[in-house]
Amino acid sequence: MIEGRIVKSLSGFYTVKSDKGLFTCKGRGVFRNQNITPLVGDFVLFKKTDEQTGYITKIEARKNELIRPPIANVTQAIIVHSACQPTFNPLLLDRFLVLVESEQISPMIVITKLDLASESEIDRVNQFKSEYEEIGYNVQLFSLHEEQALTSIQRFFPDEVTVLTGQSGVGKSTLLNRIRPDLSIETGEISKTLGRGKHTTRHVELIEINDGLVADTPGFSSLEFTSIEPEQLSLYFKEMKEFVHQCKFRGCLHHKEPQCAVKQAVKDEEINSFRYEHYIKFLQEIMLRKPRY
Ligand code: ZN
(Lines give C-alpha, C1' and ligand atoms only; values in the text may rest on other atoms or scores of the structure.)
Protein backbone atom coordinates (compact mmCIF):
# COMPACT_ATOMS: atom_id res chain seq x y z
CA MET A 1 0.00 0.00 0.00
CA ILE A 2 1.33 3.45 -0.88
CA GLU A 3 0.43 6.72 0.86
CA GLY A 4 -0.38 9.75 -1.19
CA ARG A 5 -2.58 12.73 -1.71
CA ILE A 6 -5.14 13.33 -4.43
CA VAL A 7 -4.14 16.42 -6.37
CA LYS A 8 -6.54 16.17 -9.31
CA SER A 9 -9.85 14.61 -10.14
CA LEU A 10 -11.28 14.16 -13.60
CA SER A 11 -14.25 11.96 -14.55
CA GLY A 12 -13.70 9.30 -11.91
CA PHE A 13 -9.90 9.25 -12.18
CA TYR A 14 -7.77 10.62 -9.40
CA THR A 15 -4.20 11.77 -9.73
CA VAL A 16 -2.41 10.80 -6.53
CA LYS A 17 0.92 12.34 -5.61
CA SER A 18 3.20 10.11 -3.57
CA ASP A 19 6.88 9.66 -2.74
CA LYS A 20 7.01 7.29 -5.67
CA GLY A 21 5.63 9.82 -8.14
CA LEU A 22 2.22 10.53 -9.66
CA PHE A 23 -0.31 7.73 -10.11
CA THR A 24 -3.66 7.75 -11.87
CA CYS A 25 -6.04 5.90 -9.59
CA LYS A 26 -9.61 4.76 -9.59
CA GLY A 27 -11.75 4.78 -6.48
CA ARG A 28 -12.74 1.38 -5.22
CA GLY A 29 -16.31 0.24 -5.88
CA VAL A 30 -16.84 -0.04 -2.16
CA PHE A 31 -16.62 3.75 -1.74
CA ARG A 32 -19.59 4.16 -4.03
CA ASN A 33 -21.62 1.72 -1.98
CA GLN A 34 -20.75 3.64 1.17
CA ASN A 35 -21.49 6.93 -0.54
CA ILE A 36 -17.92 8.17 -0.13
CA THR A 37 -16.39 10.09 -2.98
CA PRO A 38 -12.64 10.63 -2.94
CA LEU A 39 -11.90 14.34 -3.00
CA VAL A 40 -8.99 16.38 -4.22
CA GLY A 41 -6.87 17.06 -1.13
CA ASP A 42 -7.64 13.68 0.45
CA PHE A 43 -4.84 11.68 2.00
CA VAL A 44 -5.26 8.15 0.69
CA LEU A 45 -3.76 4.69 0.61
CA PHE A 46 -3.63 3.08 -2.80
CA LYS A 47 -2.52 -0.15 -4.39
CA LYS A 48 -0.33 -0.02 -7.44
CA THR A 49 -1.63 -1.91 -10.48
CA ASP A 50 1.29 -0.99 -12.74
CA GLU A 51 3.94 1.70 -13.15
CA GLN A 52 1.56 4.65 -13.16
CA THR A 53 -1.85 3.40 -12.15
CA GLY A 54 -3.56 2.04 -9.08
CA TYR A 55 -6.72 2.00 -7.05
CA ILE A 56 -7.53 3.80 -3.84
CA THR A 57 -8.22 1.53 -0.89
CA LYS A 58 -8.54 3.98 1.98
CA ILE A 59 -9.37 7.64 2.51
CA GLU A 60 -8.01 9.19 5.71
CA ALA A 61 -10.33 11.25 7.94
CA ARG A 62 -10.74 14.80 6.65
CA LYS A 63 -9.94 17.96 8.55
CA ASN A 64 -12.54 19.82 6.49
CA GLU A 65 -14.39 19.55 3.25
CA LEU A 66 -15.46 22.32 0.90
CA ILE A 67 -18.43 21.75 -1.34
CA ARG A 68 -17.62 23.99 -4.28
CA PRO A 69 -14.98 23.31 -5.37
CA PRO A 70 -14.98 19.87 -3.74
CA ILE A 71 -11.65 19.90 -1.89
CA ALA A 72 -10.68 18.30 1.42
CA ASN A 73 -8.10 19.31 4.01
CA VAL A 74 -7.77 22.96 3.03
CA THR A 75 -5.50 24.79 5.49
CA GLN A 76 -5.49 28.34 4.19
CA ALA A 77 -7.80 30.69 2.31
CA ILE A 78 -6.85 33.87 0.55
CA ILE A 79 -9.85 36.16 0.70
CA VAL A 80 -9.52 38.44 -2.29
CA HIS A 81 -11.28 41.75 -1.90
CA SER A 82 -11.02 44.79 -4.14
CA ALA A 83 -10.29 48.37 -3.12
CA CYS A 84 -12.81 49.52 -5.75
CA GLN A 85 -14.99 48.14 -8.56
CA PRO A 86 -16.67 46.63 -6.56
CA THR A 87 -16.24 48.94 -3.56
CA PHE A 88 -14.37 47.70 -0.51
CA ASN A 89 -17.05 46.18 1.71
CA PRO A 90 -16.09 45.20 5.29
CA LEU A 91 -19.46 43.52 5.89
CA LEU A 92 -18.85 41.17 2.98
CA LEU A 93 -15.23 40.66 4.03
CA ASP A 94 -16.39 39.63 7.51
CA ARG A 95 -18.85 37.20 5.95
CA PHE A 96 -15.99 35.49 4.13
CA LEU A 97 -13.84 35.57 7.28
CA VAL A 98 -16.56 33.87 9.35
CA LEU A 99 -17.14 31.20 6.69
CA VAL A 100 -13.43 30.50 6.41
CA GLU A 101 -12.84 30.45 10.18
CA SER A 102 -15.81 28.12 10.66
CA GLU A 103 -14.02 25.50 8.56
CA GLN A 104 -10.87 25.80 10.69
CA ILE A 105 -9.09 27.34 7.74
CA SER A 106 -6.62 30.12 8.37
CA PRO A 107 -7.51 33.25 6.39
CA MET A 108 -5.34 35.78 4.69
CA ILE A 109 -6.75 38.95 3.12
CA VAL A 110 -5.49 40.28 -0.19
CA ILE A 111 -6.84 43.63 -1.33
CA THR A 112 -6.67 44.12 -5.09
CA LYS A 113 -7.13 46.93 -7.62
CA LEU A 114 -5.14 49.48 -5.66
CA ASP A 115 -3.93 50.76 -9.02
CA LEU A 116 -7.52 51.62 -10.01
CA ALA A 117 -8.55 53.17 -6.68
CA SER A 118 -8.91 56.88 -5.96
CA GLU A 119 -6.98 58.54 -3.17
CA SER A 120 -9.95 58.44 -0.80
CA GLU A 121 -10.57 54.78 -1.60
CA ILE A 122 -6.94 53.99 -0.83
CA ASP A 123 -7.18 55.91 2.46
CA ARG A 124 -10.26 53.94 3.41
CA VAL A 125 -8.62 50.62 2.54
CA ASN A 126 -5.50 51.47 4.55
CA GLN A 127 -7.62 52.35 7.54
CA PHE A 128 -9.41 48.99 7.42
CA LYS A 129 -6.11 47.25 6.73
CA SER A 130 -4.75 48.43 10.08
CA GLU A 131 -7.99 47.55 11.86
CA TYR A 132 -7.82 43.98 10.56
CA GLU A 133 -4.11 43.72 11.25
CA GLU A 134 -4.74 44.77 14.82
CA ILE A 135 -7.24 41.92 15.16
CA GLY A 136 -4.46 39.62 13.99
CA TYR A 137 -5.22 39.10 10.33
CA ASN A 138 -2.62 39.06 7.63
CA VAL A 139 -3.54 41.75 5.08
CA GLN A 140 -1.67 42.26 1.82
CA LEU A 141 -2.21 44.93 -0.81
CA PHE A 142 -1.91 43.86 -4.40
CA SER A 143 -1.44 46.00 -7.47
CA LEU A 144 -1.22 44.37 -10.84
CA HIS A 145 2.30 45.39 -11.68
CA GLU A 146 3.95 45.29 -8.32
CA GLU A 147 6.40 42.45 -7.83
CA GLN A 148 6.89 42.96 -4.11
CA ALA A 149 3.26 42.28 -3.24
CA LEU A 150 3.38 39.10 -5.25
CA THR A 151 6.49 37.86 -3.49
CA SER A 152 5.00 38.47 -0.09
CA ILE A 153 1.84 36.56 -1.03
CA GLN A 154 3.87 33.62 -2.33
CA ARG A 155 5.74 33.43 0.96
CA PHE A 156 2.60 32.01 2.50
CA PHE A 157 2.20 29.01 0.21
CA PRO A 158 4.81 26.50 1.45
CA ASP A 159 3.27 23.40 3.10
CA GLU A 160 -0.26 24.82 2.89
CA VAL A 161 -3.29 23.88 0.83
CA THR A 162 -4.65 27.21 -0.24
CA VAL A 163 -7.93 28.15 -1.81
CA LEU A 164 -8.73 31.60 -3.17
CA THR A 165 -12.10 33.10 -2.47
CA GLY A 166 -13.94 36.39 -2.90
CA GLN A 167 -16.86 37.91 -4.73
CA SER A 168 -17.08 38.19 -8.53
CA GLY A 169 -14.91 40.74 -10.24
CA VAL A 170 -12.28 41.22 -7.53
CA GLY A 171 -9.53 39.69 -9.63
CA LYS A 172 -9.06 36.17 -8.27
CA SER A 173 -8.13 34.72 -11.65
CA THR A 174 -5.88 37.68 -12.41
CA LEU A 175 -4.07 37.09 -9.13
CA LEU A 176 -3.67 33.36 -9.83
CA ASN A 177 -2.35 34.10 -13.28
CA ARG A 178 0.18 36.52 -11.90
CA ILE A 179 1.30 33.91 -9.37
CA ARG A 180 1.62 31.17 -11.98
CA PRO A 181 1.58 32.76 -15.48
CA ASP A 182 1.83 29.38 -17.22
CA LEU A 183 -1.64 28.45 -15.99
CA SER A 184 -3.43 31.10 -18.04
CA ILE A 185 -6.72 30.70 -16.21
CA GLU A 186 -9.58 32.40 -17.99
CA THR A 187 -10.28 35.75 -16.42
CA GLY A 188 -13.60 37.54 -16.58
CA GLU A 189 -15.33 35.17 -14.19
CA ILE A 190 -15.26 31.70 -15.56
CA SER A 191 -18.51 30.71 -13.87
CA LYS A 192 -20.55 33.24 -15.84
CA THR A 193 -19.67 31.80 -19.20
CA LEU A 194 -19.90 28.19 -18.13
CA GLY A 195 -23.15 28.62 -16.25
CA ARG A 196 -24.02 27.19 -12.89
CA GLY A 197 -25.27 23.82 -14.09
CA LYS A 198 -22.15 22.88 -15.95
CA HIS A 199 -19.62 23.15 -13.17
CA THR A 200 -19.66 19.40 -12.55
CA THR A 201 -17.93 18.78 -15.86
CA ARG A 202 -14.97 20.88 -14.82
CA HIS A 203 -12.03 19.21 -13.22
CA VAL A 204 -10.58 20.25 -9.88
CA GLU A 205 -6.88 20.46 -9.42
CA LEU A 206 -4.39 21.43 -6.76
CA ILE A 207 -1.44 23.07 -8.43
CA GLU A 208 2.01 23.31 -6.96
CA ILE A 209 3.12 26.82 -6.21
CA ASN A 210 6.17 27.63 -4.14
CA ASP A 211 6.19 24.29 -2.24
CA GLY A 212 2.49 24.49 -1.49
CA LEU A 213 -0.73 23.41 -3.17
CA VAL A 214 -3.25 25.93 -4.48
CA ALA A 215 -6.73 25.14 -5.81
CA ASP A 216 -7.18 26.22 -9.41
CA THR A 217 -10.86 27.04 -8.75
CA PRO A 218 -12.07 29.67 -6.27
CA GLY A 219 -13.94 28.38 -3.21
CA PHE A 220 -16.80 29.37 -0.90
CA SER A 221 -19.28 30.22 -3.61
CA SER A 222 -22.23 29.94 -1.24
CA LEU A 223 -22.14 32.75 1.28
CA GLU A 224 -24.85 31.47 3.56
CA PHE A 225 -24.20 30.48 7.14
CA THR A 226 -26.07 27.21 6.81
CA SER A 227 -23.86 25.17 9.09
CA ILE A 228 -23.16 27.75 11.81
CA GLU A 229 -25.15 27.71 15.07
CA PRO A 230 -25.83 30.98 16.95
CA GLU A 231 -23.65 29.94 19.93
CA GLN A 232 -20.69 29.28 17.63
CA LEU A 233 -20.68 32.55 15.74
CA SER A 234 -18.58 34.60 18.19
CA LEU A 235 -15.82 31.98 18.02
CA TYR A 236 -15.33 32.92 14.37
CA PHE A 237 -14.66 36.54 15.29
CA LYS A 238 -11.02 36.23 16.28
CA GLU A 239 -11.00 39.15 18.72
CA MET A 240 -14.19 38.04 20.52
CA LYS A 241 -12.89 34.61 21.38
CA GLU A 242 -10.91 35.76 24.42
CA PHE A 243 -13.97 37.45 25.96
CA VAL A 244 -16.72 34.91 25.40
CA HIS A 245 -15.81 32.83 28.44
CA GLN A 246 -16.02 35.83 30.74
CA CYS A 247 -19.72 36.47 30.11
CA LYS A 248 -21.99 36.00 33.12
CA PHE A 249 -24.35 33.59 31.40
CA ARG A 250 -23.41 30.35 29.73
CA GLY A 251 -24.49 30.34 26.13
CA CYS A 252 -24.46 34.15 26.06
CA LEU A 253 -25.06 35.34 22.50
CA HIS A 254 -23.62 38.76 23.33
CA HIS A 255 -26.76 40.47 22.18
CA LYS A 256 -29.40 41.23 24.77
CA GLU A 257 -27.87 39.43 27.74
CA PRO A 258 -26.74 41.44 30.78
CA GLN A 259 -23.15 41.35 32.08
CA CYS A 260 -21.76 40.36 28.73
CA ALA A 261 -17.98 40.57 28.46
CA VAL A 262 -18.11 41.01 24.70
CA LYS A 263 -20.42 44.02 24.88
CA GLN A 264 -18.22 45.46 27.64
CA ALA A 265 -15.18 45.01 25.41
CA VAL A 266 -16.97 46.90 22.63
CA LYS A 267 -17.66 49.72 25.10
CA ASP A 268 -14.03 49.70 26.19
CA GLU A 269 -13.02 49.84 22.52
CA GLU A 270 -11.16 46.57 22.79
CA ILE A 271 -13.45 45.21 20.10
CA ASN A 272 -14.22 47.37 17.08
CA SER A 273 -17.83 48.48 16.98
CA PHE A 274 -18.11 47.83 13.24
CA ARG A 275 -17.08 44.21 13.80
CA TYR A 276 -19.62 43.86 16.60
CA GLU A 277 -22.35 45.33 14.36
CA HIS A 278 -21.51 42.75 11.72
CA TYR A 279 -21.62 40.05 14.38
CA ILE A 280 -25.16 41.11 15.35
CA LYS A 281 -26.25 41.19 11.69
CA PHE A 282 -24.96 37.66 11.12
CA LEU A 283 -26.44 36.46 14.42
CA GLN A 284 -29.87 37.73 13.42
CA GLU A 285 -29.52 36.11 10.03
CA ILE A 286 -28.61 32.75 11.61
CA MET A 287 -31.46 32.98 14.12
CA LEU A 288 -33.97 33.71 11.37
CA ARG A 289 -32.83 30.70 9.44
CA LYS A 290 -35.48 28.06 9.10
CA PRO A 291 -34.91 25.20 11.49
CA ARG A 292 -33.26 22.24 9.80
CA TYR A 293 -34.54 18.76 10.42
ZN1 ZN B 1 -21.68 37.73 26.10
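## Close-up views of a predicted model

**Figure 1. The chain splits into three pieces: domain 1 (2-61), domain 2 (66-216) and domain 3 (233-287).** Keep in mind that this is a predicted model. If you go from the C-alpha centre of domain 1 to that of domain 3, you cover 44 Å.

**Figure 2. Here is the zinc ion with its protein donors, Cys 247, Cys 252, His 254 and Cys 260.** The cysteines each offer their SG atom and His 254 uses ND1, with distances to the zinc ion of 2.1 to 2.4 Å. Angles between the 4 donor atoms run from 102 to 116°, and because four donors pass as tetrahedral when all angles lie between 85 and 135 degrees, that is what we call this site. Reading along the sequence, you'll find the donor residues spaced as C-x4-C-x1-H-x5-C. As for cover, Cys 252 and His 254 are both buried.

**Figure 3. Phe 237 and Tyr 279 meet edge-to-face.** Their ring centres sit 5.6 Å apart, and the planes make an angle of 85°; over 60 degrees is what earns a pair that label. Phe 237 comes from the loop between β13 (212-215) and α7 (261-267), while Tyr 279 belongs to helix α8 (residues 273-288), so this contact ties together parts 42 residues apart in sequence. Both rings are tucked away: Phe 237 has a relative accessible area of 0% and is buried, and Tyr 279, also at 0% relative accessibility, counts as buried too.

**Figure 4. Phe 88, Phe 128, Tyr 132, Tyr 137 and Phe 274 gather into one aromatic cluster.** Across the model, the count of aromatic pairs comes to 9. Take Phe 88 and Phe 128: their ring centres are 5.5 Å apart with the planes at 35°, so this pair goes down as tilted. Phe 88 sits in the loop between β8 (76-82) and α2 (90-102), and Phe 128 is part of helix α3 (residues 119-135), so to speak a link between distant parts of the chain, 40 residues apart. Phe 88 and Phe 128 are both buried.

**Figure 5. Helix α5 (residues 172-179) is mostly covered.** Of its 8 residues, 6 are buried. Which residues of α5 are the buried ones? They are Lys 172, Ser 173, Leu 175, Leu 176, Asn 177 and Ile 179. When you look along a helix like this, it helps to remember the basic geometry. An α-helix makes a turn every 3.6 residues, so residues three or four places apart point the same way.

Definitions and conventions:
Residues numbered from 1 in each chain as written. Predicted model: local features only at pLDDT ≥ 70, side-chain atom pairs only at ≥ 80, totals over all residues. Heavy atoms only, no water. Phe/Tyr/Trp six-rings, centres within 6.5 Å; stacked < 30°, edge-to-face > 60°. Helix = DSSP H or I, 4+ residues; strand = E, 2+ residues; numbered from the N terminus. Buried < 20%, exposed > 50% of the residue type's maximum accessible area, 1.4 Å probe, protein only. Domains from an automatic or database assignment. Donors = N, O, S within 2.8 Å, 3.2 Å for Na, K, Ca; no water. Tetrahedral: all angles 85-135°; square planar, octahedral: opposite > 155°, others 65-115°.
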